[in-house]
Structure formats: C-alpha cells, structure tokens
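Please open the structure in your viewer and keep the sequence beside it, so that each selection can be followed in both. The stops below say what to select and what is found there.

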Amino acid sequence: MNKFVLLIAMLVFSSGLLAQSQTNSYQYKIDLLNEKNNKICVSFVPPKNNLQKGKFVMPKLIPGYYDALNFGQYISEFQAFNKRGKNIAAKRLDTNTWVISDLKNIAKIAYVVSGGWNQLTQNPPGGKSTSSMYKKDSVFVINYNSLVGYFEEIKNRGYDVTITKNKKFYPSSALDYICKNDTTDILSVKNYRQLVDAPVLFCVPDTTWIKVGDTKVLVSFYSKEHRAYSKTLATKIETILSNQQTYLGGKLPVNKYAFLIYQEKIPKGMTGDGLEHNNSTLCLYGSKTLDRLPEALMGVASHEFFHILTPLNVHSEEVQNFNFLNPRLSRHLWLYEGMTEYATIHMPIKQHMINIQEFAKNIEGKIKAMEKFNNSLSMTEMSTNAINMQDQYMNFYQKGALLCLCLDIRLRELSNGKFGAQDLMQKLVKKYGPERAFKDEDLFNVITALTFPEIRKFFRDYVEAGRPVPLKESLLKAGLDYDESAKTVVEINNPSIGQLALRKAWIDQ
Ligand SMILES: [Zn+2]
C-alpha cells in the first residue's frame, strides 16, 4: 500500500471511529435530502455515559400547548447499535418512551420519523404548528420536538445537529446554523429546551432582515404560489416592532428574533395555526390570496414579540426545567400570557399609535371576551391545571390582561405615577434573565419586595383567589368610567387633577 492510500485509509478509518464515539453532547444527524413517503431518517450518538440502561423519551407535551401531543407517535423502526454495528436490545415501553440496554456501549441509535401533516385543511385541525411537515424539493417545517429526544438519565446536555438537505435550501430560525457545505448545515445548542424552542423552515429563501435597536429580526416566508413577499411583510411589522422597542425602554433583551411564515392556498376562507416561542414565532396560514396576511401577521407579531420579556427573561423553574413527559406547570401563566397580552394593548396607546377612545374599545373587547369564561377561578390554579382546564386557557389573554391593567394602575397609584408594569418587568428582567429562574411560590413576595407592601394583597385577592377584576375602581382612578351593565368604558366629565395625573403617567394621555 503506498503512503497516499494508507493515509486515505487511516482518515476514513479514524473519521469512521470519531463519528461513532460518544462525547459530552447528543450528536444528531437528520436527513431531509432523502425524504421518502413522508418519512425521514434520524440517528444519533448518545453522550458519554456509564449506564447499564437508559430510558429514551420523545415529548408528550411541549411548552405553550397544554394538550398531550405524543410526539413518539411519529417514530418507527427504532434501532440501537454497538461499536461493531451489532443490534442492541431496545424495547418500546409506550408511545413516547423506549428502554435501551447497555447504553454505555451504544454507538448509534437510528429511527424513522413521519411527517405530521401535509395540508393545513387536513383533519384534525390545530396543533400543526407543533409538528413537522415535509415537502421534498419545496419546504420542510421542522419542530425538533417531533424529531429529537433525550435520555431521562442524561439531561441538560448540548446537542450538535447535522442536517443534510437540498442544496438550494436555507434554514430560517432564531438560532444560527453553520453552513458546512452545499448540502450540510450544523446547529449546536446548549440543551434540549433551546432546541425545541426554535422551529426552522428549510426552503429556497424568501427572507428579509430588519434591525430593531440592536436586535436582528428575520422575516422568512414560504408559499408555493408567491415569491419575494417577505419584504412586504417585514415592512408591515417593522413599525410595530420599533414602537415595541421604544415602549421597552429602547433596548431589547434579545439579539435575534425570527418570524417564520408558511402560506398555503386553500379554496375558500382562512385558516391559521401558530405557536409562539421565546425568540421566534411559527405561523401557518391558509388563504386563497395574500390580501389579509399582513394584517393577520401584525396582530400575531405584536403579542408574540413581547414574549422576549416573559417567559424568555422572566420564568420559573417549571419553565426552565420543563419536563416533556410529565410536566409540572408553573402557576404564573397570568404573567407569561396575561402580562404579554396587556403590553400588546397598552403599547399602542402609550406610543400614541391610537387615541383614548380606541384604547377604551380595546378594553371593552377584553371585557366582553372574558365573559365567556368562569371568572371566579383562581388564576394560579388555572395555570398549574392548564392541561385539565383547557376550556379556560384563553382567559389568560382576557382576564389575565385586564388583571395586569389593574396592577399597572395600582402601581402607578402607589408610586405617585413614577412606577408601572413596564418598570416592574424591566426590574424582573434585570433580576432574572434567560438563565436564572424564579421559584414559583416566591414570585408574589419578590414583586412585593421590589414594589410596595400593598401589592401582596392585590395578588392574594385577584390572582390567587378568584375575585372579580377590580376594573371599575381601577379605571376610575385614571378618570375612566366603566359601566358594568352596558360593558362600556368612557372618559368621565370633569376629572380631578389627581385622576388626570395618573392617566398621564399610565397611558401618557
Ligand atoms: Zn403568548
């Protein structure tokens, strides 16, 4: 054997070995290029370990969607191999879990993953934004929770994911992919939660970047019928995002954010499905034309983008260490969704994008929407029991937002106008941030310590106990009258100086 051939042989041999040796991370390979019959091949090398056996888990639930989705249902042909390529016993326990023996000697685990849907109009409706969809040569919508799992015994490890794909495809995501070559992209994340939190759209790019403060915002669009449309959408949402930036004090607590928008032509009507993430939003939109898409997206964008505050930068341990098999839910959905939705209605008036009458109409809308729910329930209990109380879940966006409105007014009242909900959120972001979780049971006391002793009673009465939202008394402090029988909110005649001062501090009107 001459030297050159020997060298090649050694390289092939050693790279073969390297590819199969365990490191500290999960090393995943996902093959989109050879998708066939709505199935793709996925394989991985587990992290270095000393385990006799291990339990492999695919998520039953994921954050933001409080229903058992059982992502194990998409997995088939599950096999484990040792270093010599010999099959090692892997037993499926149920839809979402497998037990693998001799885990320390596993060189590779391979399985096949089916796509979750092909068309938006397909039954059952809903939940499509949580699973993956493959259209070879056109588009892949990837949610890693349907492709990638973890060992219960080996949590909190990094993931190195190598994706093989069509050479024309670009990965649009909140995370940064490294392009290794034409057909290979690499993604490295610090843990499973981060991976699952960032869906990705693989397709021929129709992307526009905008800069909001120091934050890079990606708008990525896919439609079979329409090309070069991302710029139109980006222009529309840019105004909202820059107003949100000013509202948040000028500096945003993230470096990158992504809007991933998939549009499909449907014969009539409109359908939408989306899932919010910490640094991105995935929107699946079905319509005959694109006429109403910019408006629809603006509505979605204004709420979703505010999630960069909470839960991204302010969340409890239940969120930080989310258990994908049997989650214990945080009691603070009133904050994650309620405060986010409150910021969505408060920002336009504070930024002078709408007038006080329009703002009052928005409050009336929330009041009317709230009526459909059971308003005597405790918001903290609704939160921990969200899985069993799905019919009440949407009330976090109504009553939750109105509670935060009342909290804002109460804070302004106690601080002589100097401190409101926006300031509170800034303080919490500073105190916690993306890596530091608060203790679920401590939050009310923490906020009380950061603000005023009286605030503890507010939380006790209206968030922990299910007392009705104190809308009438709160709005009156700002010179607005809420007529409880007519469900209307109007400015009162001859407001006092105190009322006007509070209104000015609260909504700058
Ligand atoms: Zn939300």
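At what angle do the axes of helix α10 and helix α11 cross, and within what distance do they come? Select residues 421-431 for α10 and residues 443-450 for α11 in this predicted model: their axes cross at roughly 115° and come within 11 Å, which means that α10 is roughly perpendicular to α11. The crossing in which α10 passes α11 is right-handed.

Now show the side chains where the two helices meet: α10 brings L424, K427, L428 and K431 to the contact, while α11 brings V446, I447 and L450. Sorted by class, this contact of α10 with α11 holds 5 nonpolar and 2 charged residues, and no polar ones.

Move next to an open sheet of 4 strands, which follow the order β9-β10-β16-β13 with antiparallel pairing. At its edges stand β9 (133-135) and β13 (170-172), each with a single partner strand, so one side of each has no neighbour in the sheet. Neighbouring strands here are turned against each other by 15° on average, with direction ignored.

Stay with β13 and add strand β16, residues 200-203, to the selection: the two pair in the antiparallel sense over 3 bridges, and P171 stands opposite F202 in β16.

Finally, colour the chain by pLDDT, whose mean is 93, with 96% of the residues reaching 70 or more. Select residues 1-19, where pLDDT stays under 50 and where the model has 2 contacts beyond four places in sequence.

Key. Residues numbered from 1 in each chain as written. Predicted model: local features only at pLDDT ≥ 70, side-chain atom pairs only at ≥ 80, totals over all residues. Heavy atoms only, no water. Axes fitted to C-alpha atoms, helices over the stretch in contact; angles between N-to-C directions. Parallel < 35°, antiparallel > 145°, perpendicular 65-115°, else oblique. Left-handed = near helix turned anticlockwise from the far one by under 90°. Contact = heavy atoms within 4.5 Å. Nonpolar A, V, L, I, M, F, W, Y, C, P; charged D, E, K, R; others polar. pLDDT = per-residue confidence, 0-100. Pairing = 2+ DSSP bridges.
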